[in-house]
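Take a moment with the fold before reading on. Then follow the chain from its overall plan down to single side chains.

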Amino acid sequence: MENNLPDLSPAEAASALDTMAADRQRLAKSVHVPWVLLAAFGSVGAWWVATAATANPGVNYAPPSSGWLALVGALVVVHLIQRETGVRFRTMGRRAGWALAGIVFICLALFSVSLGFVSFGLRWPVALTSVAAFVATTWLADIAYRSAVELLRRG
């Protein structure tokens, strides 16, 4: 495998690497946290948990059909984050992967708790679980985003 680089001295090569590292640091510092989009991601999680209030538990239970719409909404928000900041979520790092797994786990748990409330005829506590889903999803999405930026900084 050939490269098109001229013969560099070790000092010139080290200088070029230092320049690239400084550029990477500058790029990572210039990336801003898209709070509106992270809040939109949290809103999708809260909306999905809130759909439990529309369920009719019992023998003929049918899950809310809007679950697929929540997945589409989450994918749209991820696309907008990638387009806005240029941070790719495919290579986020281990910490971000755990944060995203936490989002799924917490939203599923809160959805189950919401279904429990609805089964007892209590639909109003679903608002509280939805707020909890919004806060947890937004916070964990921020952790995942910052992890992706840190991985960008390290290269």
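The paragraphs below go from the whole chain to its core, its helices and its surface.

This is a predicted model, so local features need pLDDT of at least 70, side-chain atom pairs count only at pLDDT 80 or more, and totals for chains, interfaces and linings use all residues. Residues are numbered from 1 along each chain as its sequence is written, and side-chain values use heavy atoms, with hydrogens and water left out.

Start with the plan. The protein chain has 5 helices and 0 strands. Its pattern along the sequence is α-α-α-α-α. Helices (H or I, at least four residues) and strands (E, at least two) are DSSP runs, numbered from the N terminus. A contact means heavy atoms within 4.5 Å. Take the contacts between residues at least 6 apart in sequence: 83% of them join residues at least 24 apart.

How much of the chain is buried? Of its 155 residues, 34% are. Buried means under 20% relative accessible area, exposed means over 50%, and partly exposed is in between (1.4 Å probe, protein chains only). The chain exposes about 10200 Å², and carbon and sulfur atoms supply 66% of that area. Accessible areas come from the Shrake-Rupley method with a 1.4 Å probe; for residues, only the protein chains shown count as cover.

Now look inside. A nonpolar core is a set of buried Ala, Val, Leu, Ile, Met, Phe, Trp, Tyr and Cys residues joined through side-chain atoms within 4.5 Å. The largest one here has 28 residues. Leu 38, Phe 41, Trp 48, Val 49, Ile 81, Ile 103 and Tyr 145 touch the most other members. Helices α2 (35-50), α3 (67-85), α4 (94-119) and α5 (125-154) each give two or more residues to this core. In soluble globular proteins, nonpolar side chains tend to be buried together.

Follow α4 next. This helix has 26 residues and reaches 37 Å from its first C-alpha to its last. That is close to the expected 38 Å, which is 1.5 Å times one less than the number of residues. Its buried residues include Ala 99, Ile 103, Leu 110 and Phe 111. Just after α4, Gly 121 takes a positive phi of about 85°.

Where do α2 and α5 come together? Ala 46 lies in α2. It counts as buried, at 12% relative accessibility. Beyond residues up to four places away in sequence, Ala 46 touches Ser 130, Ala 133 and Phe 134. Its C-alpha is 8.1 Å from that of Thr 137, although the two are 91 residues apart along the chain. Trp 139, in α5, makes a similar link: its C-alpha is 8.2 Å from that of Gly 42, 97 residues away in sequence. Trp 139 is exposed, with a relative accessible area of 53%.Stay on α5 for a charged pair. The whole structure has 1 salt bridge, meaning a side-chain nitrogen of Lys or Arg within 4 Å of a carboxyl oxygen of Asp or Glu. Asp 142 and Arg 146 form a salt bridge at 3.1 Å, N to O. They are 4 residues apart in α5, so about one helical turn separates them. Asp 142 is buried, at 11% relative accessibility, whereas Arg 146 is partly exposed, at 40%.

Finish on the surface. Phe 120, Leu 122, Trp 124 and Leu 128 form a nonpolar patch with about 520 Å² of accessible area together. Such patches use residues with over 30% relative accessible area and no salt bridge; nonpolar side chains (Val, Leu, Ile, Met, Phe, Trp, Tyr) are joined within 5 Å, like charges within 9 Å. Leu 128 is in α5 and is exposed, at 56%.
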